[in-house]
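Please consider the structure shown below with attention to its charged side chains. The account that follows proceeds pair by pair.

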Amino acid sequence: MESQPNSSMDHNEVCKRRFWLFEIVSQSNEFSFLDQHDNLRVLTATMNAKKSRNVTENGETVEDSILMTLIGNGEDLAPMVRHSFEMGKPETLVLQLKHVVKKKEVEIEELCKLHYEEFIVAVDELRGVLVDAEELKSELASDNFRLQEIGSALLLRLEDLLESYSIKKNVTEAVKMSRMCVEVLDLCIKCNKYVADGQFYPALKAIHQIEENYMKVIPVKTLKNLVEKRVPVIKNHIEKKVCGEINEWLVHIRGTSKEIGQKAIGFASSSRQRNEDMLARQKKAEEESCLGLGDFTYSLDVEEIDDNSVLKINLMPLYRAYYIHVCLGIRDQFREYYFKNRMLQLNSDLQVSSLQHFLSSHQTYLAQIAGYFIVEDRVLRTAGDLLSPSQVQAMWETAVSKVTENLEYQFSHMDTASHLLLVKDYVTLLGATLRQYGYDVGYILDALTNSRDKYHELLLVECRQQIKDAVNDDDCKQMVLKESEYSTNVLCFHLQTSEIMPGFPYVAPFSSMVPDCCRIIRSFIKDSVNYLSYGGQTNFFDFARKYLDKLLIDVLNDVILSTIKSSNTGVSQAMQIAANISFLERACDYFLQTAAKQCGVPTRMIARPQTTLNAKNVLKSTREKSYVALVNLVNHKLTEYLSLMEKVNWIIDDVAQHKSEYMNEVVMYLDTLLSTAQQVLPLDVMYKIGSGALEHINNSFVNTLLSDSLKRFTANCVMGINNDFKTLEEFADERFHSTGLSEIYKEGSFRGCLLEMRQLINLLLSSQPENFMNPVIRMRNYNSLDYKKLAIICEKYKDSPDGLFGSLSKRGAKQSNRMKSMDIHNFEYKLFEGAMLFFIAVFLAIRDDILQEGPHALVTSLWLSQE
């Protein structure tokens with residue numbers, strides 16, 4: 001297969017290379033290397049020549065074969081000839097060419113000899129053809145002449161016909177052009193009328209029809225130029241008019257957004273109220289069903305949609321403006337313009353006015369925001385692609401960030417819980433409204449969660465003041481209730497002590513502080529649940545219980561403790577407060593049930609032990625503290641009465657026949673105390689108070705006898721004390737049995753609280769004090785006496801004439817000598833017994849010290865015995 005020379009190689013260069021190759025072949029008849037751009041036909045000819053290297057019979061050589069091949073292929077030999085002359089060897093080429101000529105002549109002669117006969121036949125045929133051609137030529141000439149004669153007349157008629165056709169065509173085109181101009185002018189007139197009437201969409205439709213159907217084919221250049229100039233002007237005019245209308249609409253929609261938001265929030269409020277009423281009826285029915293209080297019928301409540309509940313928002317100007325801009329081909333420009341202006345309005349609406357308090361402006365502020373996003377939701381759903389979801393989301397995120405910031409700031413500066421609750425309620429309605437339109441209001445409601453503690457702190461402060469006022473205004477007297485007051489002060493708080501309806505007027509065991517505090521706590525629960533129940537949350541009972549515990553512990557309990565510890569609190573007040581605490585402790589179950597009911601928690605759920613209030617145990621502890629404080633107050637009052645013992649003559653000569661004045665006061669006070677305690681306090685508490693009072697009296701007498709201010713006392717004084725204690729013991733026994741304590745405390749009594757003083761009196765007045773040395777008698781009759789105390793008291797009792805250590809002072813002057821002698825012996829004997837009793841007591845005291853404190857107490861004890 002032969003290949004053509006490279007197109008990028010110069011033609012002369014190819015010829016030079018061929019001649020150079022031809023020279024090499026002519027000299028050596030062979031070659032061993034070729035450039036890849038040499039003509040392959042030379043190589044083919046050379047290879048064919050090698051097959052017959054021997055000289056032919058005509059003397060043809062390889063060089064002749066190559067040259068013949070090149071000439072046979074029609075190659076241009078001019079460059080080869082030029083190159084041979086440049087090389088100075090033209091003779092060789094000439095010889096070769098001559099040899100080729102001779103060879104061709106020989107071939108021609110041979111060819112002519114071969115086809116001679118056929119050539120003669122062909123020449124004869126050619127001569128026949130020439131004769132026929134001459135005949136045909138003459139016939140054509142005659143026909144042409146006749147045709148020219150006939151066609152001349154027809155040609156004239158044809159020219160007239162063509163002229164008529166040309167005139168008709170021109171007229172037709174003129175009519176068509178006129179008709180087109182008329183149509184264009186009609187559209188222009190309609191467009192002008194539409195623009196004048198403000199019907200911009202039909203006007204743009206007419207312009208679009210002119211541009212699409214007529215603009216490029218208007219035949220009259222003047223009219224075409226005029227239309228081309230006026231169309232952009234009309235479009236600009238329409239765009240300005242539409243922008244003016246949309247600006248007016250933006251102002252209008254911003255003004256009506258507040259009304260739209262207020263209506264929507266009002267609908268949400270009504271819906272919430274209906275849901276609450278329905279839930280209340282449902283819970284009531286379920287509770288009555290669980291209690292088996294009757295048969296129930298079920299009905300389906302169908303909510304009818306009121307036409308007034310549908311928000312009517314006029315978006316027609318916006319639709320028209322947007323569609324006109326779409327027709328003008330500037331849709332994206334209008335979308336950007338609308339989004340930018342609405343964002344500016346939103347940023348302006350999100351600013352809180354500093355000229356007005358937020359409490360009075362929060363509804364307007366939040367309603368404006370609600371209306372804004374209701375409008376944007378309607379635009380997103382009905383205005384095509386005017387607004388994208390991402391743009392609405394960007395608006396919403398901006399609003400959420402700013403509203404949350406404003407709410408947190410305003411909440412932090414509020415100092416009244418009711419104000420914060422009002423704002424919270426409207427924010428909740430805002431969230432419920434916008435949630436219906438698909439907005440995520442979680443972050444806004446989080447602002448309420450963040451202010452939850454702040455609200456309850458304010459609420460606790462208000463409740464603390466209210467509870468303080470209720471406690472301070474309480475006269476600490478039992479309430480006397482009429483039948484109409486019984487349900488509002490007792491039954492509604494579950495404070496009744498019996499299921500049986502009492503007689504009226506009913507004397508309640510508590511004072512007015514209890515129902516007043518219960519009402520305050522109930523109001524606190526309602527306000528707390530109102531704040532916690534936002535955003536459709538259902539699991540806020542734990543928070544309500546936590547804040548209820550906080551109120552009962554940190555506020556109510558703290559106020560009660562402060563009142564108990566107050567120096568102005570008397571015994572009757574402390575007793576009534578202690579009784580009130582027990583009823584408040586009982587009301588804790590009612591408070592928990594109220595909180596659960598308001599939170600929508602079933603009653604069976606709060607029956608579990610883990611759902612009880614911690615405040616119940618705290619109030620129980622406070623009640624115990626109040627009992628201790630009451631006992632201390634009683635003891636303090638008794639100390640005041642017993643202080644009259646300072647007027648007692650401890651070394652009196654005669655025995656008093658009547659009760660002491662101070663003991664009368666003590667008995668009267670104890671009688672009043674126990675009577676009041678029996679009315680308002682449980683029996684076990686009354687027992688504690690009575691026991692504590694009597695123990696205090698017992699200890700006061702013992703301490704008086706042990707006091708350093710009392711140097712000595714006589715047997716007559718002890719007999720007087722004995723008479724007083726008998727009166728006190730009789731009163732203690734009577735009260736112990738009359739109050740029913742004897743049936744509860746069968747192994748104890750009030751008399752047992754005076755046992756130490758009674759045993760001491762018995763020992764001091766005993767005619768056989770040596771029985772104290774008998775362990776059996778001592779454990780039976782004197783087991784409450786302390787050896788140390790007894791030693792000190794016996795030492796003060798030694799100078800008594802009729803006692804263990806009495807003297808002979810003030811005996812009757814008329815006694816006989818024998819009686820005097822007997823008195824002296826009796827005195828000496830009793831003096832010996834008293835000394836022995838004293839040393840026994842001292843010895844026992846020393847023994848107890850050594851056993852309890854160790855050997856180091858021995859020295860001290862010996863020193864005391866020496867003293």
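**Salt bridges across the chain**

In this predicted model, the side chains of Asp 385 and Arg 331 meet in a salt bridge, with an N to O distance of 3.2 Å. The pair links distant parts of the chain, 54 residues apart: Asp 385 lies in the loop between α11 (358–382) and α12 (389–412), and Arg 331 belongs to helix α10 (residues 331–349). Asp 385 has a relative accessible area of 34% and is therefore partly exposed. Arg 331, at 36% relative accessibility, also counts as partly exposed.

A second pair joins Asp 589 to Lys 616 in a salt bridge, the closest N and O atoms being 3.0 Å apart. Here two helices are linked, since Asp 589 is in helix α19 (residues 571–599) and Lys 616 is in helix α20 (residues 614–642), 27 residues apart. The relative accessibility of Asp 589 is 36%, so this residue counts as partly exposed; Lys 616 is partly exposed at 27%.

Glu 211 and Lys 235 form a further salt bridge through their side chains (3.0 Å, N to O). This pair connects distant parts of the chain, with Glu 211 in helix α7 (residues 200–214) and Lys 235 in helix α8 (residues 221–291), 24 residues apart. Glu 211 counts as partly exposed at 29% relative accessibility, and Lys 235 counts as partly exposed at 22%.

Salt bridges also occur as a network, which links Glu 585, Arg 623, Glu 624 and Lys 688. In total, the structure holds 24 salt bridges. Side chains of opposite charge can pair when their charged atoms come close.

How values were computed: Residues are numbered from 1 along each chain as its sequence is written. This is a predicted model: local features need pLDDT of at least 70, side-chain atom pairs count only at pLDDT 80 or more; totals for chains, interfaces and linings use all residues. Side-chain values use heavy atoms; hydrogens and water are left out. A salt bridge is a side-chain nitrogen of Lys or Arg within 4 Å of a carboxyl oxygen of Asp or Glu. Helices (H or I, at least four residues) and strands (E, at least two) are DSSP runs, numbered from the N terminus. Buried means under 20% relative accessible area, exposed over 50%, partly exposed in between (1.4 Å probe, protein chains only).
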